[in-house]
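Work through the exercises below with the sequence and the model in view, and try each task before reading its solution.

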Amino acid sequence: MIPPAFIDDLLARTDIVDVIEPHVVLKKSGQNYSGLCPFHQEKSPSFSVSQDKQFYYCFGCQASGSALKFLMEYERLSFPEAVERLAHRLGLEVPSTRNDEDDGRKQRRLQVLAQLEEAKNFYKQQLRHHPDRARAVDYLKGRGLTGEIAARYELGFAPPGWNHLPAGEDTRSILSDAGLVISKDDQSGTYDRFRDRIMFPIRDLRGRTIAFGGRVIGDAKPKYLNSPETMVFHKGRELYGLFEARRMTPRLSRVIVVEGYMDVVALAQFGVTFAVATLGTATTDDHLSRLFRQVSDLVFCFDGDRAGQSAAGKALMLVLPHLEDGRKATFMFLPEGDDPDSVIRREGKEGFLKRVDSGLDVSAWLFKKLSSDLADAGHDLNSISGKAALAKEAVRWISTMPEGAFRQLMVDEVGQRTGVTQQRLDQMAESAQSTRLPKAELDQGSVGSAREVTGERAGTNDQSSGEDSVDTDLALLVMHPELAEDLPPSVIEALEDDGPDQVLKLVCKTIRAEGLKTPGQLIQRFSGSPIVTLLKGAFEYKPVLDVSYLKTELVSRLHHRAARAERRRSQVAMSALVHKSPSLLSDGERQALRDYYAQEKGNE
């Protein structure tokens, strides 16, 4: 672990302009530097670098971050590699603060990885030499696989029986941590997790074996068995075949997401080497983030039955927030009863790729899905009310996409399909954005989009400037996180629990709890969360007052927002009492009503 203090010192010594200028032609523009964004195609510069804040931001694609983030995104470096690069520029040695516990955990990880590698080699040997190997070999041949493709994916065989893996005193706990054995109920020993199965090693991007998937040969259940979650394996993040796809496909630019291990291997057998599979789970946000770091074009392959349609709907909901300009998603549906394996064996590589190329792009699938759902709900899509319903639903989904040309073209298509004017679509989008986003979604970054909490920004900030698209108070906090330290906790707690106040409240508490000092730290903290879009929007705001006055201004504004929130809560509570039968009111409730109306009268 690299000490946080060293990273802070490293960034303090680094001039971000010096880091970016070798890659981007920068010109002085006021207090900042500007140039053409290196992360998307553009003709006029929208990429801004602040030497004062040591931060970059693109007003076109919303790319942003510190010097470290730039190196990670532009040069595809890992975080430790980026730290090493910056340290090398300054002639610094990267220290480590590993304590005994850290060293012990690292050593254990290495032991688990070594054990998994050993198990992979064991299973491979069993596929060649075990007396029962004929059943496994016949199964693989029956699926049309050659020895060459089996070797490329390092397939193996877990033989029948309970204790084939060595489980002595020294190795039993490591095997358990690796997910390879299961403890007996009476704790008298362990037995092999995988038995009588074709074994598929699951590898990380570095090619290390981190888990296994096992396909049963007979009729036992479950048909597929995966390794459990371990210290080196998290199934919601890993993808089977991604390592092989990167290794076997020159200039990998597109990935097909299929359902099973055998589909990946069978497609590779026929020359389609850029398929991956999720590991017994639906596609997750982490999967998409990982894939879009590798490629810009994803193809989702689904069965044509109702279950496939349902899975495609969930994938659509998940992928929309990732579809910034330059990215593409296609939805491919196979004939009912088919899977990728059967289709490519019947139609060959050329036929399968024709199906891929004729898949539905994200726009076509969105309108097809919504039209079908609305028709099932009884809407006549040729009627005015049906078109209105389609427009409302489509805008609600599209509002989860990042700002940009892609999103705008999607909105334009809604107008073309329904006849709704651009002005009305903009109003509908604003209404869709004002939906409350539950706190759990804010924290976890689940689909629901940051834009669901932005709809009331202009109205709730009493802004007289023309920048009604930016929450002024949130912008001040993003640009000057140190201001949060002087905010009274009671004022923060008094803010509302939905709408823009909800985001402001969360950001205030996070800054105070975690001691965040810079815009870069704040953006990094919420990376992957829907509200990061709102935080990045703060760079569009230019304060009128000098920085020395900002603390007083922010405290005053938050007192105003907190007071407004208290009034609203009071109004809601009093409204409930007004509608309550007078005979059911307690003495305290009656007094509360009298006090409320007396106060309201005094305010007139």
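**Exercise 1: the sheet**

Task: find how many bridges join strand β9 to strand β10, and place both strands in their sheet.

Solution. Strand β9 (residues 197-203) and strand β10 (residues 209-216) run antiparallel and are joined by seven bridges, where strands are DSSP runs of E with at least two residues and helices are runs of H or I with at least four, numbered from the N terminus. Within this pair, Met 199 is opposite Gly 214 of β10. The model is predicted, so local features need pLDDT of at least 70 and side-chain atom pairs count only at pLDDT 80 or more, while totals for chains, interfaces and linings use all residues. Residues are numbered from 1 along each chain as its sequence is written, and side-chain values use heavy atoms, without hydrogens and water.

Next, the open sheet has four strands in the order β6-β9-β10-β11 with antiparallel pairing, two strands being paired if DSSP finds at least two bridges between them. β6 (156-158) and β11 (224-226) are the edge strands, each pairing on one side only.

**Exercise 2: two helices**

Task: state how the axes of α3 and α4 cross, and which residues make the contact.

Solution. The axes of α3 (residues 67-74) and α4 (residues 79-90) come within 9 Å and cross at roughly 120°; α3 and α4 are therefore oblique (not under 35 degrees, over 145 or from 65 to 115). The contact (heavy atoms within 4.5 Å) involves Ala 67, Leu 68, Leu 71 and Met 72 of α3 with Phe 79, Ala 82, Val 83, Arg 85 and Leu 86 of α4.

Terms used
Axes fitted to C-alpha atoms, helices over the stretch in contact; angles between N-to-C directions.
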